[in-house]
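Okay, thanks for coming, everyone. I'll put the structure up and then walk you through a handful of spots in it.

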Amino acid sequence: MHSYVRPNQFVAFRLPSEATRIQKVVPNTSISLGKYGTFPANQIIGRPFYLTFEIHETPGEADSTYLRIVSAAELHAESLITEGEGDGDDVELNEDGTPVRSNRETIDDRSTQKLTLEEILALKKESTGAGKDIIAKLLESHQALDQKTAFSLAKYKLRKEKKYMKRFTVIPLDVSLLANYMLEDKDAARTMELRDELIGLIGCWGNVHHGGSTSFDETVTERPNGRYLVVDDTGGLVIAALAERMGILYPHDGDYDEEQQDAIERPAVAEGDEAEKPQDGEGQSSDTPRRPRRPHMSASGNTITLLHANKQPNLSLLKYFGYDQDSPSESHPLYTNLKTVSFMQLLDPNADNIYAEEPPVVPEEELATYKPSKRSSYHRKRGRWMRVRKVVDDARSGGFDGLVIASLMNPSSIMKHAVPLVAGSGPVVIYSPTVEPLTEVMDLYSTARKNAYIARKRELQERKEQQPEDQNEEGAKTYPELEEEFTLDPTMLLAPTLQTSRVRAWQVLPGRTHPLMSGRGGAEGYIFHGIRVLPTQEIIEAAGNPGRKRRKIAKPTETETPTASGIDIEMTS
Amino acid sequence: MPSPFLTPGSHSSLDQLALLHLRRDHAIPTVLRLHDDEDAGYKEGKVETTRFGSFPHTTLTGQLWGSQIGASKVDTGSRRGRGPQKKNQKLKRKVDEIDSATPGESPKAAVAASSGFLHLVYPTPELWTTSLPHRTQVVYTPDYSYILHRLRVRPGCTVIEAGAGSGSFTHAAVRAAFNGYPTDDAPTTKKRRLGKVCSFEYHEQRAGKVRQEIHEHGLDGLVEVTHRDVYKDGFLLKDPKTGTSPKANAIFLDLPAPWLALKHLVRHPSDGGESPLDPTSPVYLCTFSPCLEQVQRTISTLRQLSWLSISMVEVNHHRIEVKREKTGLEYERVRGAVVFPKDVDEAVAKMRHVEEHSRKYREMMHQLDDEESTPMPASTKPEPEKEEVPETDASTPQTSNIPPYKQGRLVHRSEQDLKTHTSYLVFAVLPRDWTEEDEQRCREKWPPHQVDLTQPEKPKGRKQLKRERKERLEEEQKKQQQEDQQPQQQEEPTPAQEQANAAEQA
């Protein structure tokens, strides 16, 4: 849980311009927020999130920078005052009913602002009050200020505040914030323009949740809970979203019930850990680790298995959550709970060199004669082979609790291989920024196609039964003709649904409530959802809604049956 | 007993909630039992009767989740128990005489029916939301998915929900907060907090219903339902005055007047009581109100109570229907198709054909007029035949190649029933309390003006460190070996060693 700013953690700074800036808070460094100022990182470490700070400094004096916490009352001052006056709701009126001030007289040029650019720059230089005095000066020197309506005055003040206030708010970096940040401030295409509201929908329809504590699992169920199969081409955003829901995203996930005291004590410990690592690398292995060493990708339950197209998955966004893809920290929950399998390993594992070529087992006696470096390299290779073997075999055996796809590839080609790996009743969710790929998927599961598939399958089944049973052994259930005609089995998914969702933000200020005037266009974002089911091998006719007519026809036959049911009773009793 | 919502296992089992999925948005929730509690009198034990046939629970229990289950032949007419039909009275008595079956007896094996099936799926909050018994307005998936995401409800969180209503949000929230079942023997360690939902409902009957559902769904201990008027009595568990604090991290208020409840959701309640909020974390809040006036009052109160990052949104969600739209003259007698020229060429061809035909007809009439004054009635007959023959000839090669499910053009549109407004969602955050003492302590820990001018380099990766260590070790060994061999000769530091030394210094 994000209760305070931890050292060496990535946090977000919300600036007066509404822009967000993500930075790592490294102790004993200074953090620069561009034109909004610079301050020492130590002044926010250990402090709670969501506080707004104001940067104060005396010009020309070293070490004079200090941060002042801006109270909530101060942040809301304007709204509270207008509300208190009670005139927020209605416009001031003249006796004849016309508004006292209207924008009829407003002069739309820069001549009304009497301060010149040079003067403003000079003001900025010597400003001390975190920009407030500049704004006051600007308001003072604005000639036509009294002509402005309350609305335009508020707007003017807001505009100037955004420009000159040296304020910032520290916000924990989580999936929601990162999604919005990538969308608004960064390259949205990198995350496939995935919006926050759709992340929520993906998680819910994917039924992604914590798999429960392991100790309880072992006593109750035979199979591990909470295994999810994911295809993610958003640079790790989807993985992060799912991991967040499963409680394995944050390095400190699991450390919950901290007391206030503890929270203050902790930074020193955490800093110690972090600081030691880079300096004396040899200390790592010799130090007795707090918990037993957990091998990479070794967790059985509450795991994410990532299918990726290239040799290495792209998980670059996970760095914001303390998980560096190239050298993952062993203490991070994803180290054990995120497994990666390439599509090639899934479909043809023997084509993968690591999987196929088992490093020869060296007997203990011989191993003892090895040099330490050779011995460790042997163990490393052996460990890697066993890990890949285990992870790939686990993935191929299927039984996943859900499948989530956000991929640049054609969804049906992924579904062909991935849907059969989902356990019965497990959800299948696909995200696409545009609707077309998903309408095609919907069409692949259309009722007409499903019916045609069932009819064709039955036809082939009957033909096979008539044929002499010579090669029936291997091809008992597969029909190559069927696979040729239908790329994937439409009876495997129940209730395919396509949906989209979008939130609309409103401005709620006293007397000035309306939806925001502008927003972000771009991809709408769509979600496909279905439930994996296990169709029976037997032939079952669908019983539609029996119409009134048919029931009437059936009546006479029913009247004859009581005797038959009487026989049934005798037989059972 | 694990909850089928959270850890369904691989098979359905007795006394668990299961959903009988008939078609989209239509699933019947039922608790699997061998014997009927209401004693409806089926010989097969408890039976679920649907429009797609009858399903004795014996055929539903112990099945793999997601299985397609065929209907069974169940005699619904002549059952014992509450036989409603009068004509069955006599029969019933007869049956009673013959069949003195005791309730303890195992139910009769079901006989498969010729048609009808359903799918057996485990419950999820989404499916439950569409199939639950409505008591109040339900918070649907598009709303609650966004709310829980924005409220940062994660495994281990505690959620306060006021206005349990029909319980759809309750189920979604418990799934989001779940990170293990509470067990009696293992006391919750200090490190690990188990997620839970504290649900408050002022309607006594509804509170009872929710409580019963929670029990049936195996969520006891994960959801705590309290019958309470939260406007008046606040959010402490058990007793409103002296009860324990739920220590909530997230709050969802689905109340007619959320602003009346907000006074209890503060860090330091005015009556000096305990705060229901978690003192060590920021608290996220969401209110769910259909009207703008409610929103305005709520936000005004939130501002007075020092909530921050106040924002208001509405969620617009729609489902999309995908169809194959068939337009063309070849789709005659195809259901759902529009028989209309599919393009200009087809329209012109058709027109040309008609024109040609009428020209021929006119010529024929002229001929007839010329030859005889009385036209033959049979001569008009061949016209339709002639018209259809070339057309079917033209269209059959096109349509017969393509199976019906691939014909036409793929189109999508919003589904018919559209929810254009559900409610306005107000979000706000209350940061942790921060006192001057806390600040002082933090200043001591982290010297406020200490800024190292030498910026640390990019930290080395694990592998790099390892490699460097290895290199260093090897160097030392080599050196030692060399020293052993030639103790007189002084060795110059090798470049690799230098590098390692440099790394050490860095």
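**A walk from strand to core**

Let's begin at a strand with very little cover: β13 of chain B, residues 409-414, has 6 residues, and the count of buried ones among them is 0. Before I go on, keep in mind that this is a predicted model. So what does β13(B) pair with? Its partner is β12(B), running antiparallel to β13(B), with 6 bridges joining the two. If you want one pair to look for, take Arg324(B), whose bridge partner in β13(B) is Leu410(B).

Now stay on β12(B), residues 308-325, since this strand takes us across to the other chain. β12(B) also pairs with β13(A), again in the antiparallel sense, over 9 bridges. Find Gln499(A) and you'll see Arg319(B) of β12(B) standing opposite. Careful with the names here, by the way: β13 of chain A is residues 493-509, while β13 of chain B is residues 409-414.

That brings us to the contact between the chains. How many residues does each chain put in? Chain A gives 112 and chain B gives 116. On the chain A side, β13(A) gives the most, with 13 residues. Sorted by class, that side of chain A has 48 nonpolar, 40 polar and 24 charged residues.

There's a helix pair between the chains too. Helix α7 of chain A, residues 196-205, packs on helix α3 of chain B, residues 141-150, with the axes 8 Å apart and an angle of about 105 degrees. The two are therefore roughly perpendicular to each other. Who meets whom? From α7(A) the list includes Ile199(A), Leu201(A), Gly203(A) and Cys204(A), and from α3(B) it includes Pro142(B), Ser145(B), Tyr146(B) and His149(B). The residues of that helix contact split into 6 nonpolar, 5 polar and 2 charged.

Let me zoom in on one of them, Gly203(A), which sits in α7(A). Is Gly203(A) buried or exposed? Buried, because 25 other C-beta atoms lie within 10 Å, and the cut-off is 20 or more. Leaving out residues up to four places away in sequence, Gly203(A) touches Ser145(B) and His149(B) across the way, plus Val208(A), Ala241(A), Leu242(A) and Arg245(A) in chain A. Its C-alpha atom is also 9.2 Å from that of Val238(A), 35 residues apart along the chain.

Several of those names belong to helix α9(A), so that's our next stop. All the way along, 10 of the 10 residues of α9(A) are buried, so this helix is largely enclosed by the rest of the structure. The buried set takes in charged-type names as well, Glu244(A) and Arg245(A) among them. Just after the helix, Gly247(A) takes a positive phi of about 75 degrees.

And α9(A), residues 237-246, gives the largest share of the largest nonpolar core, 8 residues. That core has 186 residues, and those with the most contacts inside it are Val230(A), Ile239(A), Ala240(A) and Leu242(A). Look at Leu242(A): setting aside residues up to four places away in sequence, it touches Gly203(A), Val208(A), Tyr228(A), Val230(A), Ile304(A) and Val404(A).

Next, some backbone oddities. Most residues other than glycine have a negative phi. Met297(A), though, has a positive phi, near 55 degrees, and lies in the loop between α11 and β9 of chain A. Met297(A) counts as buried, with 21 C-beta neighbours inside 10 Å. Over in chain B, Lys238(B) has a positive phi near 60 degrees, in the loop between α6 and β10. Lys238(B) is exposed, though, with 10 other C-beta atoms within 10 Å.

Last stop, the start of chain B. Strand β1(B), residues 17-23, has 5 of its 7 residues buried, so it is largely enclosed by the rest of the structure. Six-bridge pairing again: 6 bridges join β1(B) to β2(B), antiparallel, and Ala18(B) has Thr30(B) as its bridge partner in β2(B). The two form a hairpin with 2 residues between them, and Asp25(B) in the turn has a positive phi of about 65 degrees. β1(B) also pairs antiparallel with β6(B), over 3 bridges, where Leu19(B) stands opposite Val121(B).

That's the tour, so over to you.

Technical notes: Residues numbered from 1 in each chain as written. Chains lettered and ligands numbered in written order. Predicted model: local features only at pLDDT ≥ 70, side-chain atom pairs only at ≥ 80, totals over all residues. Axes fitted to C-alpha atoms, helices over the stretch in contact; angles between N-to-C directions. Helix = DSSP H or I, 4+ residues; strand = E, 2+ residues; numbered from the N terminus. Parallel < 35°, antiparallel > 145°, perpendicular 65-115°, else oblique. Contact = placed C-beta atoms within 7 Å. Nonpolar A, V, L, I, M, F, W, Y, C, P; charged D, E, K, R; others polar. Pairing = 2+ DSSP bridges. Buried ≥ 20, exposed ≤ 12 C-beta atoms within 10 Å, placed from the backbone. Core = buried A, V, L, I, M, F, W, Y, C linked by C-beta atoms within 7 Å.
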